[in-house]
Protein chains: 4
Amino acid sequence: MTIPSADELALARASAHALWDRDLASRALGITLEEVRPGYARTAMTIVDTMVNGHATAHGGMLFTLADSTFALACNSRNVPNVALQCSISFVGAVRLGDRVVAEAQECSLKGRTGVYDVSLARDGETVALFRGVCYRVSGTVIGELPE
Amino acid sequence: MTIPSADELALARASAHALWDRDLASRALGITLEEVRPGYARTAMTIVDTMVNGHATAHGGMLFTLADSTFALACNSRNVPNVALQCSISFVGAVRLGDRVVAEAQECSLKGRTGVYDVSLARDGETVALFRGVCYRVSGTVIGELPE
Amino acid sequence: MTIPSADELALARASAHALWDRDLASRALGITLEEVRPGYARTAMTIVDTMVNGHATAHGGMLFTLADSTFALACNSRNVPNVALQCSISFVGAVRLGDRVVAEAQECSLKGRTGVYDVSLARDGETVALFRGVCYRVSGTVIGELPE
Amino acid sequence: MTIPSADELALARASAHALWDRDLASRALGITLEEVRPGYARTAMTIVDTMVNGHATAHGGMLFTLADSTFALACNSRNVPNVALQCSISFVGAVRLGDRVVAEAQECSLKGRTGVYDVSLARDGETVALFRGVCYRVSGTVIGELPE
């Protein structure tokens, strides 16, 4: 990992806050923003009773939403707006009512107008889902104005 | 399309209702079950203010959740429980606050213990997202008991 | 399906031939170009002994290559060069030595600079693999010059 | 990384050799097996003139085949046969005629009958493609008999 400069870190935080302010969906689900750096973000969410289906198991869509929000934070962390083009998720462990899930997004590639990010979801350090997202850059900035 | 028998249709509906009763997440989002047949399901959801992010655009996670719930209905429509293993989604059109999105899930393959299902999401007949899900069969039944 | 004009069909064929002339890999595998229209292509390949692994089963990579080549024909059929960004494939049936596999690529979405295409692979009318590809447009033309 | 025992390493190597002996496709492409451990494999392939398309760029199918073969080695490294169910690949850098591509497969998850593996492809240490494969266990053993 390259160590980001103080300016890069400040820009990542300002970008994250601008994004987060507009993201009513993530806030409605109680997702918390834990850390952001250039190309990286960590968040957490606790499974409440409106997030489950049979057997008090977390709905796959809620886990995807957590991963997707974390992906968005990581790929917009340089004040350059990016939108998701294609995302995939593999479910590898059950998540239950009351579980706290931590999501970590990491940049795998950023070239030209497109990027690839991996997001792992874990409960108590055990991986429960693996997400990969492909994004592309749109015009504008993250801070101050809205992405196109 | 093979025309299902009355018994197959009744089983598909009973399976869907059993699944839906337990799916608090889908109901919390206001997803409505429109039609179910063996290997097929159609649902709808209206984008409300807790489902948007920047620019009053629907959060990708909310669209994924709609698709995933519809996939679950289709792949559990024969009273044989299946769980999602891997899902992917391509976002091809913007969805905004107030839009009604219709999801249609169709079985593409069902062999051995695994199945592949395509779900298309549309707004006013225009495709806005393309989802593909891979599931595998678990033991038990959908009706009466919960899938493992 | 919209019926293409004679000019659109001629452009699709000329684009396909330009692409095919440069695609040594597809020709080395004996892939044949059966039909091309705007946003559509059909090809075929017979599994020979250098395409198999254990149990005389076709290597997944050879099936992917057939699908990917067909995807390229479909997404380059308007003389506008596109390159693959992300592709996925689900293997749903075994293919064996001597089998002839037919691939059909169909445009699902084409908006802005990105497109989504589905390719189904079949042996004797039975689906053996389902491929989905996401591409994005690059500058130049397919005919006459090479895509960037 | 857990350090494998000498017995686990020997089993991984014997499994790889059994698999490789039957994989005519990988050998026809000149893929070389560099290292194998439980849940891990590294291979390499040089792009020759039957692997390129326009602009002397490697065909995506050839890169997928390299990744898929490496995935197979990693997910069959405990003498328990697994077959690929779903694979995806993101192309993030151009590969040209003469380039040597190194593939590394790493187990991300192995639970119940299913596993998830990541394969990165690199040229001179720079990532050119990211592959993810989902497999499921079949009956039998890798060594001595063929997977179902």
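Two strands count as paired here if DSSP finds at least two bridges between them. In this predicted model, strand β3 (residues 82-91) of chain A clears that bar against β5(B): the two run antiparallel and share five bridges. Looking at one of the residues involved, A:Ser90 has B:Gln86 of β5(B) as its bridge partner.

That strand pairing sits within a wider contact between chains A and B, to which chain A brings 31 residues and chain B brings 31 residues. On the side of chain B that touches chain A, the elements giving two or more residues are α1 (6-22), α2 (24-28), β3 (52-53), α3 (60-75) and β5 (82-91). The top contributor on that side is β5(B), with eight residues. Sorted by class, the side of chain B that touches chain A comes out at 15 nonpolar, twelve polar and four charged residues.

Turning to chains A and C, a rotation of 180 degrees with 0.0 Å of shift along its axis puts chain A on chain C, at an RMSD of 0.0 Å. That is what a two-fold axis does. Of the residues of chain A, A:Gln86 comes closest to the rotation axis, with its C-alpha at 4.0 Å. As for the interface between these copies, 100% of the interface residues of chain A are also interface residues in chain C, so the two meet through the same surface.

On the confidence side, chain A has a mean pLDDT of 94, and 96% of its residues reach 70 or more. For the complex, the predictor gives an ipTM of 0.95 and a pTM of 0.95.

Definitions and conventions. Residues numbered from 1 in each chain as written. Chains lettered and ligands numbered in written order. Predicted model: local features only at pLDDT ≥ 70, side-chain atom pairs only at ≥ 80, totals over all residues. pLDDT = per-residue confidence, 0-100. Least-squares fit on C-alpha atoms with pLDDT ≥ 70 in both. Contact = placed C-beta atoms within 7 Å. Helix = DSSP H or I, 4+ residues; strand = E, 2+ residues; numbered from the N terminus. Nonpolar A, V, L, I, M, F, W, Y, C, P; charged D, E, K, R; others polar.
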